[in-house]
Amino acid sequence: MSCRKSGRIAVPLLLVVAVVALVGFLALAALRAGPSPEVAVEASAKAIGRKTAVTVSAAEPSRGLTRLRVELIQGERREILADKSYAPRPSWSFWGPRTERDRIVVEVGRDAIRGLRAGPATIRATAERAPAWLRGPGPVTTEIALPVRLTPPALHLLSTFHYLRQGGSEAVVYRVGESATRDGVRAGSWFFPGRPLPGGGPLDRFALFAAPYDLSDSSRIRLVAADDAGNEAEIPFVDRFQPRRPVRFTFDLPDSFLGKVVPAILSQTPDFSDRGGLLENYLGINRDLRKSNADELVALAAKSRPAFLWTRPFAPMLNAKVTAPFAEHRTYVYRGKTVDEQDHLGFDLAVTRAVAVPASNDGIVVLARYFGIYGNTVVLDHGYGLMSLYGHLSSIDVREGQAMKMGDILGRTGDTGLAGGDHLHFGILLGGLPVDPVEWWDPHWVRDRIARKLGWKLGS
Ligand SMILES: [Zn+2]
C-alpha cells in the first residue's frame, strides 16, 4: 500500500522538475548570447606606405568567434581587407567545437590597394558575438588611425667620383629629407648604414660601404633612404666599376694536414658536433664553422663604435711574402676528388716563425681568443664598422677592450686554426664583409676615396 501511495506523489513531482528544466533550457538557449570577443589591431609601421602589415587578433574562448572583418576607411571609401566567418558553439550546448581565437595579417598599401590617397585613414576590425535564439547582440569594433604616406624621403647625393672595385671599399656623402628613418648603401644582399656626417648639417649623412667580392653587377649598388611607412628613395651612384679578375687555387688535403688541424679545432670549439670521420669533420669546419665565424664578425661589426678611431692610412703588414691573395677561390681536393669550394677572404703573409704582429692602425680590441677556422685571433675595431682581423696566431698579447695604437704588438704569428704552416691571415672587414685590404694600405687611395670625400685632413 505505502508503495503505491508514494508512486502517485512521485509522478507529478518528476513532471514539475522536467518542466522547470525545459523552461530553464529554453530560456538559456533563447538568451545565452556569446560574451564580447577581445579584438586588437596592430600595424608594423606608423603609417601606411607601400606595404604595411596589419595584424588583427580576436579571442572569445567561451562560445567561440562568429565573424571577423577588417576594413580600411578613408573619407567616403570603405575597403574590405578581410572577412572571415566561423561556426560558434550552439547556445544550448556547453561543449562542442569552436574557434577560440584567430589572427589575420593583411598587407595594406599602395601595392595592395589601388587608388590609395595620401592622408588620414582608419583600420577597423569588427568581431561579431555568438547569437542566441532571441538575441543578436551588437558586434565589437576596434580601430586604429593609420595615415597614408606615399612620398619617399628626399635624397640628394653630395659627393662625386664614386669609383669602385669589386671587393673594394668607398665612401659616399649625401643629404636626406626629414622623414627618413633608415638610409645607407644597399649592395646586393648587404646593407651599409648611413651615419651623421661629422661636422655636417643635421641631415647630412655619410656611409662607408663596399662592393661585395662576389657581386659583379654594380647596378645592384644603390644609395637608399626609407621612411617608417616603407617608402624608399634610391639613387644609382657608382660612376665607375671595375670587376675583379677571378683567382683560383687548388688545395690538396693530405691526411697529415687533416690530422693536424681537425682535432685541434674540435678541442677548442665545444659547440661543434663531431661528424664522425676526419674528412667529414674537416668539411663541417670548412663550411659550417667558416659560416658561423663569418656571421659572428657581422654581429661584432654591428657593435662597432660610431667614430673614426684612426687618423692615418693603414700600415702594410710585416715585410712578408704574400702566400694567398684576397678572394682567391679555392677548390679542395681529397684523394683525387673535389670535396669542397670556398673563398679565401683575407691576405696570407708569411715571414718566419712566431713573428711579432703589429696593429695595422689605431683601434680597440673587440675579440682576442680562439676563433674557429682562424685559430687564435685578434680583431680590432677602427670605428664605423671597419675592423681588422689577425688570424692563426701562436700567442695573443692583448685583451678585449684594450685600446691599441698603430704598430703596437698584439701577438705572434703561428699556425692555429685552418693553417698548414706559420703565417698571418690578415683581413679588413666593413660591416662584417671582408674587403680587399690593399686599398686601406694605400695612402693615396685612403686620401682620395675616403678622407677627401669626408672633408678630413689625414695624418701620415
Ligand atoms: Zn688566410
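Me: What makes the pair Arg330 and Glu328 a polar contact in this model?

Reply: In this predicted model, the side chain of Arg330 comes to 2.8 Å from the side chain of Glu328. A polar contact needs a pair of N or O atoms within 3.5 Å, with one able to donate a hydrogen and the other to accept it, so a pair at this distance can be listed as one.

Me: Why is Arg330 called buried?

Reply: The relative accessible area of Arg330 is 9%, and buried means under 20%, so Arg330 falls into that class. Arg330 lies in strand S20, which runs over residues 328–334. Leaving aside neighbours within four places in sequence, Arg330 is in contact with several residues, including Phe249, Phe251, Asp340, His344 and Asp348.

Me: How do you know that His344 and Asp348 are donors of the zinc ion?

Reply: Donors are N, O and S atoms within 2.8 Å of a metal such as zinc, and the protein donors here, His344 through NE2, Asp348 through OD and His425 through ND1, lie 2.0 to 2.1 Å from the ion, so they meet that limit. Along the chain, the donors follow the spacing H-x3-D-x76-H. Asp348 lies in strand S22 (residues 347–350) and His425 in strand S30 (residues 424–430), so the pair ties together parts that are 77 residues apart in sequence. Both Asp348 and His425 are buried.

Me: Which other residue has its place in strand S30, and why is that residue called buried?

Reply: Leu429 has its place in strand S30, and because its relative accessible area is 3%, against a limit of under 20%, Leu429 counts as buried. Not counting residues up to four places away in sequence, Leu429 touches Leu297, Gly385, Leu386, Met387, Leu389, Pro434 and Val435. The C-alpha atoms of Leu429 and Ala301 are separated by 8.4 Å, although these residues are 128 residues apart along the chain.

Me: Why does Asn286 count as buried, and what does its side chain meet?

Reply: Asn286 has 0% relative accessibility, and the limit is under 20%, so Asn286 counts as buried. This residue is found in helix H3, residues 278–301, and a polar contact of 3.0 Å joins its side chain to that of Asp340. Not counting residues up to four places away in sequence, Asn286 touches Tyr332, Asp340, Gln342 and Leu418.

Me: How do you know that the span of helix H5 agrees with what is expected?

Reply: Helix H5 has 12 residues, 443–454, and at 1.5 Å a residue these should span 16 Å; the C-alpha atoms at its ends are 15 Å apart, which agrees.

Me: Which residues of H5 are buried, and why are they said to be on the same side?

Reply: The buried residues of H5 are Trp445, Val446, Arg449, Ile450, Ala451, Lys453 and Leu454. They cover an arc of only 170 degrees around the axis, which puts them on the same side of H5. What covers these buried residues includes strand S9 (163–165), strand S10 (169–176), strand S14 (204–210) and helix H4 (437–441).

Me: What makes Asp442 a cap of H5, and what follows the helix?

Reply: Asp442 caps the N-terminal end of H5, since one of its side-chain oxygens lies 2.9 Å from the backbone nitrogen of His444. H5 is followed by Gly455, whose phi is positive, near 70 degrees.

Technical notes
Residues are numbered from 1 along each chain as its sequence is written. This is a predicted model: local features need pLDDT of at least 70, side-chain atom pairs count only at pLDDT 80 or more; totals for chains, interfaces and linings use all residues. Side-chain values use heavy atoms; hydrogens and water are left out. Helices (H or I, at least four residues) and strands (E, at least two) are DSSP runs, numbered from the N terminus. The expected span of a helix is 1.5 Å times one less than its number of residues. Buried means under 20% relative accessible area, exposed over 50%, partly exposed in between (1.4 Å probe, protein chains only). The arc is that of the directions from the helix axis to the C-beta atoms. Contact means heavy atoms within 4.5 Å. Donors are N, O and S atoms within 2.8 Å of the metal (3.2 Å for Na, K and Ca); water is not among the atoms, so sites may look incomplete.
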